[in-house]
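Colleague: I would like a close look at one part of this model. Please take a single strand and walk me through its surroundings.

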Amino acid sequence: MPDYNSYQNIMMSITDPNMSVKFTSTLEETHKKHLETYAKVIDTTVELPESHSQFVSSAFDTCLKKFKDDEMLFDTIQTFRKDLEQKKVSLKGKRQAISEMISEIQEKEMQKEDIIQKIEKLKEEQAKRTELIESQNKANKDRLRNLQKARGVFHDHLGMEIRTILGKTEQDKGKKLQFVFRNINPSKQDSAYVITMGITENGSYQIVSSDPTLECLSVLENQLQQTNNLPAFLAKVRKEFISQARCSNTMP
């Protein structure tokens with residue numbers, strides 16, 4: 001576009017013929033500038049679609065790369081999720097196995113405690129049995145000493161003999177004793193009156209039999225078990241045998 005001075009020169013050229021040449025030159029120069037400006041506009045217009053195309057192509061490539069990256073990221077996330085699910089399942093199985101193992105260990109611990117308690121109880125029972133056996137052995141030894149003393153007294157003064165009845169097995173050996181009384185019947189001094197006795201597992205006396213039979217034998221046995229006085233029992237048995245022999249002698 002012509003500036004203010006140019007227009008002023010143009011107006012002067014209208015009134016001044018000498019300015020015609022200069023006006024013409026100026027007009028051509030201005031036209032030339034307009035053409036250059038139009039050429040630049042056209043070039044810019046042509047270059048703009050190419051630049052836009054390059055931008056779109058670059059943006060498309062960027063978006064495509066971003067899509068591929070996102071797709072890879074999605075696949076990676078899916079893979080991580082699958083691995084995580086597998087690990088969860090595996091962890092659940094391991095937790096179940098650990099829980100079962102802990103339950104088994106606890107059960108074995110309870111069994112162990114139960115076994116320990118049973119062993120302790122057996123030890124206590126064994127100790128009690130040992131103590132009872134030792135007590136019975138001591139009592140039996142005391143009875144044996146009393147029997148040995150009574151044996152001499154009864155044999156010398158009352159004509160009584162003590163016999164040991166051997167069992168068929170070694171276990172039954174010496175468990176029964178026979179007390180043989182003589183000098184019971186005046187008419188038959190050598191006649192034998194026998195009472196057979198044994199000792200139970202708890203150490204008490206037990207009457208097995210008598211020959212001849214005494215009707216009051218059960219009463220005498222109860223008294224013996226209550227008092228544990230064997231000499232007094234034997235004296236009562238002898239007395240009953242004598243009474244029975246006298247009755248037999250008086251019978252016609």
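Modeller: What follows is a walk around strand β4, its sheet and the core beside it. Keep in mind that this is a predicted model.

Start with the sheet. It is open and has four strands, in the order β1-β2-β3-β4, with antiparallel pairing. Strands β1 and β4 stand at the edges. Each of these two has a single partner strand, so one side of each is left without a neighbour in the sheet. On average, neighbouring strands are turned by 25 degrees against each other, direction ignored.

Now the pairing of β4 itself. Strands β3 and β4 run antiparallel and are joined by six bridges. One residue pair to find on your screen is Gly198 with Gln206, its bridge partner in β4. Helix α3 packs on the sheet and touches both β3 and β4. The direction of α3 makes about 155 degrees with that of β4.

Next, zoom in on one residue of the strand. Ser210 is found in β4. Is Ser210 buried or exposed? Its relative accessible area is 11%, under the 20% cut-off, so Ser210 counts as buried. Two polar contacts involve its side chain. The side chain of Ser210 reaches the backbone oxygen of Pro212 at 3.2 Å. A polar atom of that side chain also lies 3.2 Å from the backbone nitrogen of Leu214. Leaving aside residues up to four places away in sequence, Ser210 touches Val194, Ile195, Leu217 and Phe241.

One of those neighbours leads into the core. Ile195 is among the residues with the most contacts inside the largest nonpolar core, which has 20 residues. Others in that group are Phe179, Phe181, Met197, Leu230, Phe233 and Val237. Which elements give two or more residues to this core? They are β1 (160–165), β2 (176–181), β3 (193–199), β4 (205–211), α3 (217–227) and α4. Helix α4 gives the most, with six residues. As background, nonpolar side chains in soluble globular proteins tend to be buried together.

Finish on α4. This helix covers residues 230–250 and includes Ile242. At 22% relative accessibility, Ile242 counts as partly exposed. Buried means under 20%, so Ile242 does not count as buried. Along the chain, Ile242 and Ile184 are 58 residues apart. Their C-alpha atoms are separated by 5.3 Å.

Note on methods. Residues are numbered from 1 along each chain as its sequence is written. This is a predicted model: local features need pLDDT of at least 70, side-chain atom pairs count only at pLDDT 80 or more; totals for chains, interfaces and linings use all residues. Side-chain values use heavy atoms; hydrogens and water are left out. Buried means under 20% relative accessible area, exposed over 50%, partly exposed in between (1.4 Å probe, protein chains only). A nonpolar core is a set of buried Ala, Val, Leu, Ile, Met, Phe, Trp, Tyr and Cys residues joined through side-chain atoms within 4.5 Å. Two strands pair if DSSP finds at least two bridges between them. Axes are lines fitted to C-alpha atoms, for helices over the stretch in contact, and angles run from 0 to 180 degrees between N-to-C directions. Contact means heavy atoms within 4.5 Å. A polar contact is a pair of N or O atoms within 3.5 Å; within protein, one must be able to donate a hydrogen and the other to accept it, and residues adjacent in sequence count only if both atoms are side-chain atoms.
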